[in-house]
Amino acid sequence: MPAAPLPHDEADRLAALRRLGILDTPSEERFDRLVRVASTALGMPIALVSLIDQHRQWFKARVGLDATETPREQAFCAHAITNPGETLVVPDATQDERFADNPLVTDDPNIRFYAGRVVHGTEGQPLGTLCVIDREPRQFDAHDNQVLCDLAELVEEELAQSDRNTVVMALERSERSKATLLHALEEGLVVQDATGRIVEWNRAATELLGLSDDELAGRTSIDPRWRAVHVDGRPWPGEDHPAMEALRTGEPVSDRTMGVHRPDSSLVWLRVNSRPIRDRDGHVTSVLTLFADVVATFDNERASETMTLRLRQAIESSGIGTAILDGRGSTMFVNDAYTDILGLGHHDLLGRTPTVWIHPDDPQYGGRGFDELGWGDSVRLTTEIRVLGHDRRDRWVRAHLTRLVDRSTTDRFVLQLEDVTERRRLADALRSSEELARASLDSLEQGVVLADATGAIHQINPAAERILGHTADELTAAFRSGTWETYDEHGKVKPRDQRPIRRVMDTREAVRSEILGWRHSAGHLVLLRLSCVPIPDADGVEGRFVVAFADVTDQHRAERLVDATFAMAPVGLALVDDERSVVRCNPTFATHAGGNGEDPGGQALDALLDIAGDAPREDGTGAGLGDELHLAADDGTQSWIETRSAEIDDFDRSMRIVATFDVTARKQLELDLQRFSHLFENANDIITVVDPTGQVLYASPSNERVLGYPFGWRSPGGILDLVHPDDLPATAAEFEALRAGARGSDPFTMRVRSFDGEWKHIETIGTNLVDEPSVKGIVLTSRDVTERQQLSAELAHRASHDPLTDLPNRAAAEERLADALRRTPGDRRLVGVCYLDLDGFKTVNDTLGHAAGDEVIVDVGRRLADGVRESDLPARFGGDEFVVVLDQLPNAERAVAVARRLWEDLTTPPLRSGDVPVGVSVGIAVSQPDDTVDSLLSRADTALYRAKSSTTSKVILYEGLDVPSVT
């Protein structure tokens, strides 16, 4: 069994397959449906969507096969992907040297026929096949191949959809991480437009400067209220502030120490870094300034420099379109990526709401004002919106809106956009921002430790020392001495190779959100939610990693108690606050609410269950709490949930407990009953229920399609009145057996008169359900087999008759002769054989052609059929030889008389074709005791030979034996 060669792009092919994230995933209806269609359309018992992994072929969808995977070296599909532009067809695997000794051929599933069409990834790599398999050899024509190709293209579309979903989800995670990073910065951040006016800032900026959002918004660097000074006390003019210098020169301004007076006259010393922001044409459009309290950050100067660098890199390299909106939706700041995505300039966007670029025909948001969009009601919102740019071409962007929650009372929003028109742009944006966003997010946990592979702790923040109970030197000493111990959440010591830091050091792969136990210096066990991320090697420094963690001891204990309580409930349970947000829930509720395995905590109950509050909506759509809800999960599964709720008084706020009950099975049963009703009403088989007297109690609508009787029509005499008279005795006997309860499984066939008077062959199977209260009758299931009966009769006729003359053939004549010989000894009658041969027939074929010869043969057959007695059988033995079986002869003389009359019929008028005459010779033999078919035919053949040689008589009786006479 030769193994299939590897495709030339095997490494890229396997990488593309991995990126799909589809291997070893549960079955999906969108793929299962396609293999069912392939099996049905091509009449194959087995159909598969097969993906070729490195060492196996794995079936994403299958019908007719129990196995989920097989070794790659046995896979027919491994051969198919080496020639991705063609369909691999194997008509008979036992005759193909590639597969003859394959275990899939020699053993179960006993493959004989195979046809596989390659399915490709979005970048053209052959990932596997859509294939069909039969256990019998067969042919595969062009129509079959086209059907398989069309279905394979549908499989490719479903695989591409999986690829796109993976990229989009990854990019959304990156966007959320970036937003968290910007709002978690402890450094002050402001963005000023080209005039120096402050258009965006973070929470730290208001706290460091002692200004409210309203006081900071729109303020410029030249405002005299800053009262900025140099370190030596000299005034610092506003036009020379770092931000204005960066705007004027177009160059970054770094590490300037500046004193700024707050409104309360206190002086804060800031270390300031300003960087110009350019548009696509290189023009400076705004400036980003980062500043930190010099005194507070002196001891952490190195950490601040690193964080400033990372933030600067995040702003410059993210590639994510970002805008800052005020509480009314007015655009306060946009970056270059934002304007590039929308195809609009800064002047087109600043000061205006997003409705300026939303397409007026957008089905969800078009033509609505910002207040009508409902965005301001959400802390976070992600949606896709149709865009109308300056080029008037329709595009789509993914918009992610985040409300900035800080100490001020003024709403601010970060709106991030991504062009989703082209998938490649999604992938590029993901690659350009993912690394920085991930590292930034992972390093901004409550406790942060920077370490290397030697165990040296280079930096630790105060929160980490407080949570762990040790200084950096103490942790370094514990790590290097081997006394560093970590525990699982139950207090058991973790093996060294399972500890997160050790795994990161060994594999250089990040560990995220792992629960870990740590023994505090005070002696108690602290539970941490810990992430450990390797830092990419740079500047010759290797093996560094960031450990970020938070103390979740109390939270974990409370969650375990609530989870254990909720988990024991046989129904879905959720605790909902007075704003109708889910506080806690059990896994059953999470499944009911989303079905995707994610915890819905913090999400709105009404959105999760798609309900309109406690009562249906005024327009009649939607359901209220307490109704049965129809839910559709992201994976396409459908479910029905019944809800109940009760109020709980919790001190100064109202809480609600919501219970959900899965009634999908009941609903599915109702749907199945409806589906069965439709199938029953539209089936081709006739379902008839009759009482024991034969009167029809019910006849399905298919009765009208098959027999033409209108729905509801009844025969006054019952069903037996419709049966053909010749079939009535047998049918009545079958019905009597059914009435007696003796029949119930074997089918029987009868001829039934249709509404237009035509007789149709009907195959029926019956079951006596007279004693069944819900039926109280005999159930007859019938189908029209008229065409099958006619075909069977036609095939039987062809098997026993000559196709040219339509006379019985040699086999039929010999069977008739055998029957006659078996009967003769009993009735004392003789059996005779007339053996006829045409004289001069060869000349006709040789001179006039076989078509002329066939006309002579047909003429002879017609004359014989018209001239024989009713008891005799004419037959063509082949070529120009004919035989007539003479039955019920009183003596040999009668045989001679019949033979002479037949000879005369054949020679008067004379046989001829054109100018070529044709004669006839006849040999006769009459049966003797103990004669066989062969012996009787042999004597007739001998007599024929004598007749052909005779010049006096062309009709000769075989002589040499006494021929008895019957008186």
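Begin by selecting Thr339, which you will find in helix H11, the run of residues 336–342. Keep in mind throughout the tour that this is a predicted model. Thr339 is buried, since its relative accessible area is 6% and the cut-off for buried is under 20%. Now show what surrounds Thr339: setting aside the neighbours within four places in sequence, its contacts are Val334, Leu344, Gly345, His346 and Leu349. If you draw a distance from Thr339 to Leu349, C-alpha to C-alpha, you should read 8.1 Å, for two residues that stand 10 apart in sequence.

Next, zoom out until the whole protein chain is in view. Its secondary structure comes to 29 helices and 38 strands, and 47% of its 967 residues count as buried. Among the contacts in the chain with a separation of 6 or more, 52% are made by residues 24 or more positions apart.

**The aromatic rings**

How many aromatic pairs does a search of the whole structure find? The search finds 8, and two of them are visited here. A pair of aromatic rings is described by the distance of the centres and the angle of the planes. Select Phe76 and Phe99, whose rings form a stacked pair with 4.0 Å from centre to centre and 10° between the planes. Phe76 belongs to helix H3 (residues 76–80), while Phe99 lies in the loop between strand S4 (87–90) and helix H4 (103–106), so this pair ties together parts that are 23 residues apart in sequence. Both rings belong to buried residues, Phe76 having a relative accessible area of 3% and Phe99 one of 1%. Add Tyr114 to the selection, and you have the cluster that ring pairs make of Phe76, Phe99 and Tyr114.

Move on to Phe479 and Trp484, an aromatic pair that is edge-to-face, with 5.4 Å from centre to centre and 85° between the planes. Trp484 is buried, at a relative accessible area of 14%.

**Charges over rings**

Select Arg644 together with Phe661, and you will see the charged end of Arg644 over the ring of Phe661, 4.7 Å from the ring centre. Then select Arg219 and Trp226, where Arg219 lies over the face of Trp226, at 4.3 Å from the ring centre. Keep Trp226 selected, as this residue also appears at the next stop.

**The cavities**

The structure holds 9 cavities of 30 Å³ or more. Trp226 is among the residues nearest the centre of the second largest cavity, along with Gln192, His241, Met258 and Thr289, in a lining of 18 residues. This second largest cavity holds about 230 Å³ of space. To see its walls, colour strand S7 (188–193), helix H8 (242–249), strand S9 (253–261), strand S10 (267–278) and strand S11 (284–293), each of which supplies at least two lining residues. S10 gives the largest share, with 3 residues. By class, the lining of the second largest cavity has 12 nonpolar residues, 6 polar and no charged.

For the last stop, select Thr688, Asn703, Leu707, Ile719 and Leu722, which lie nearest the centre of the largest cavity among the 20 residues that line it. Two or more lining residues come from each of strand S28 (686–690), strand S29 (696–699), helix H22 (702–707), strand S30 (748–753), strand S31 (759–769) and strand S32 (777–784). The volume of the largest cavity is about 310 Å³, and its lining divides into 13 nonpolar, 6 polar and 1 charged residues.

Notes
Residues numbered from 1 in each chain as written. Predicted model: local features only at pLDDT ≥ 70, side-chain atom pairs only at ≥ 80, totals over all residues. Heavy atoms only, no water. 1 Å grid on protein atoms, 1.4 Å probe; cavity = no way out; pocket = protein on both sides within 12 Å on 5 of 7 lines; lining within 4 Å. Points joined across faces, edges and corners; volume = space filled by probe spheres on them. Helix = DSSP H or I, 4+ residues; strand = E, 2+ residues; numbered from the N terminus. Nonpolar A, V, L, I, M, F, W, Y, C, P; charged D, E, K, R; others polar. Phe/Tyr/Trp six-rings, centres within 6.5 Å; stacked < 30°, edge-to-face > 60°. Buried < 20%, exposed > 50% of the residue type's maximum accessible area, 1.4 Å probe, protein only. Lys NZ or Arg CZ within 6 Å of the ring centre and 35° of its normal. Contact = heavy atoms within 4.5 Å.
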